[in-house]
Amino acid sequence: MSSIPMIRQTAGKGAAKAAAKRPNRITGRPRNRGGAGGQRRPGALTYSVLGTVLLASLFPLYWSFLVGSHDSTVLSRGVPVLPGGNFVANAAKVFDSIPFWKAMGNSVLVSTVTAASVVVFSTLAGFAFAKLRFRGSRGLLVFVIATMAVPTQLGVVPLFIVMAKLGWTGSLWAVILPGVVTAFGVFWMTQYLRDALPDELIEAVRVDGASMIQAFWYVGFPAARPAAAMLALFTFVATWTNFFWPFIVLDPSNPTLPVALQLLQAAHFVDYSVVLAGAVLATVPLLLLFIAAGRQLVSGIMQGAVKG
C-alpha cells in the first residue's frame with residue numbers, strides 16, 4: 001500500500017514530461033519547459049536594435065573627435081571620413097585658450113558635492129514619504145512632484161537676486177546650493193523605498209529600541225543603495241553638463257567646464273576643430289565614470305528589478 005503514492009508520483013512526473021514535450025494546440029510550438037518562471041533568451045532582432053542604438057549614441061562623440069582631429073578648414077573641404085592627426089595640437093590650443101584644468105576641478109567639485117547632497121536629502125525625504133505616516137504627506141508629495149513642471153528659467157531672476165544679496169555671485173556655492181535636493185530625486189527614492197523596504201523590517205528595528213534616524217541609517221539607506229547609485233550618476237551627469245545657470249552666475253575667471261568651453265568661440269570666427277576637441281576632452285571624465293561604475297549600476301538595476 002505504501003508503494004502506491006510513489007507510483008502515482010512517478011506517473012505524475014512522467015505525464016508532466018510528456019505534456020511538456022507535446023506542442024501547444026494553439027501556437028503549434030513546443031511548450032515552455034521552464035514553467036511560469038522560464039525566460040526566453042534575446043534573439044538577433046534584440047541585439048540588432050541594441051547595436052543600432054549604441055552606434056547612434058556614439059556617433060556624436062565620434063563626430064566630435066573626427067572634426068577635432070583635423071585643422072580649421074576641414075568642414076569647408078567636405079565631410080571628413082577618417083580621423084586626422086591634429087587632435088593633440090587642437091587639445092594644446094584648448095589648454096592655452098581657457099583655464100581648462102581649473103574649470104575641470106570646479107566641475108568635479110560641484111558635480112560631486114551636488115550628487116552626494118541630492119542622494120542624502122532625497123533618500124531622507126523618500127524614506128519619510130514612503131514609510132512615515134504624518135498629516136499632509138500625500139499633498140506635500142504631490143506639491144514636490146508638481147514643481148518638476150515649473151521651467152527652470154522662471155526662477156533665474158529671483159535666484160540671482162538672492163545670490164547677489166548673499167554675495168555669492170561668482171562663487172561655486174551659487175551653483176551648488178540651489179541643487180542640493182531635487183524633486184526628481186525625492187520622487188525617485190520615494191517610489192523605490194515604498195516597494196523595496198518592508199514595513200515589518202522597520203517595525204522590528206523600532207521594537208529593538210532603535211530611533212527613527214537609526215532605522216533609516218541601518219535599514220533604509222542600505223536598502224536604497226541601488227536607487228541611490230543611479231540617482232547619483234544621473235545627478236552627476238546633469239550637473240557636469242549644466243551650462244545655463246553657471247554661465248549666468250559665475251565669472252569667466254572661475255568657470256565650470258561647459259562655461260569654459262564657451263570661451264573658445266571667438267567673436268567673428270569659430271574654430272570648430274578646437275571647440276570639438278575641447279568637447280571631447282570634457283566628455284572623457286564621464287566615459288571613465290561610466291566604465292568604472294558600469295558593473296555596479298547594472299547590478300543595482302537588476303537588484304531593483306527583482307525587488308520590484
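Q: Where does Gly-68 lie?
A: Gly-68 sits in helix α2, which spans residues 44-68. The model shown here is predicted.

Q: Why is Gly-68 called buried?
A: Its relative accessibility is 0%. Buried means under 20%, so Gly-68 counts as buried.

Q: Which residues does Gly-68 contact, leaving aside its neighbours within four places in sequence?
A: Gly-68 is in contact with Asn-86, Phe-87, Asn-90, Ser-273, Leu-276 and Ala-277. To count, heavy atoms must lie within 4.5 Å. A further distance concerns Ala-279: its C-alpha atom is 8.9 Å from that of Gly-68, although 211 residues separate the two along the chain.

Q: Why is Ala-204 called partly exposed?
A: Ala-204 is in helix α9, residues 199-207. Its relative accessibility is 39%. Buried is under 20% and exposed is over 50%. The value falls in between, so Ala-204 counts as partly exposed. The C-alpha atoms of Ala-204 and Ala-215 are separated by 9.5 Å, with their positions 11 residues apart along the chain.

Q: What makes α4 and α8 oblique to each other?
A: Take the angle. The axes of α4 (residues 100-131) and α8 (residues 183-196) cross at roughly 50 degrees and come within 7 Å. Roughly parallel needs an angle under 35 degrees, and roughly perpendicular runs from 65 to 115. The angle fits neither class, so α4 and α8 are oblique. Their crossing is right-handed.

Q: Which residues make the contact of α4 with α8?
A: From α4 come Ser-122, Thr-123, Ala-125, Gly-126, Phe-127, Phe-129, Ala-130 and Lys-131. From α8 come Gly-185, Val-186, Met-189, Thr-190, Leu-193 and Arg-194. By class, 7 are nonpolar, 5 polar and 2 charged. Gly counts as polar here.

Q: Why are α5 and α8 called oblique to each other?
A: The axes of α5 (residues 137-146) and α8 cross at roughly 135 degrees and come within 8 Å. Roughly perpendicular ends at 115, and roughly antiparallel needs over 145. The angle lies outside both, so α5 and α8 are oblique.

Q: What is the hand of the crossing of α5 and α8, and which residues meet there?
A: α5 passes α8 in a left-handed crossing. Leu-141, Val-144 and Ile-145 of α5 meet Ala-183, Val-186, Phe-187, Thr-190 and Arg-194 of α8. This contact has 6 nonpolar, 1 polar and 1 charged residues.

Q: What makes up the largest nonpolar core?
A: A core requires buried nonpolar residues joined through side-chain atoms within 4.5 Å. The largest one has 21 residues. Those with the most contacts inside it are Val-94, Ile-98, Phe-100, Trp-240, Leu-257, Leu-264 and Leu-281. Elements giving two or more residues are α3 (87-97), α4, α11 (225-240), α13 (257-262) and α14 (272-307). α14 gives the most, with 7 residues.

Q: Which residues does Ile-98 touch, not counting those up to four places away in sequence?
A: Ile-98 touches Ala-260, Leu-261, Leu-263 and Leu-264. Apart from the largest core lies another, of 20 residues. Val-119, Tyr-192, Val-205 and Ala-215 are among them.

Q: How many helices and strands does the protein chain have, and what share of its residues is buried?
A: The chain has 14 helices and 0 strands. Buried residues make up 33% of its 308 residues.

Q: What share of contacts between residues at least 6 apart in sequence joins residues at least 24 apart?
A: That share is 71% in the protein chain.

Key: Residues numbered from 1 in each chain as written. Predicted model: local features only at pLDDT ≥ 70, side-chain atom pairs only at ≥ 80, totals over all residues. Heavy atoms only, no water. Axes fitted to C-alpha atoms, helices over the stretch in contact; angles between N-to-C directions. Helix = DSSP H or I, 4+ residues; strand = E, 2+ residues; numbered from the N terminus. Left-handed = near helix turned anticlockwise from the far one by under 90°. Buried < 20%, exposed > 50% of the residue type's maximum accessible area, 1.4 Å probe, protein only.
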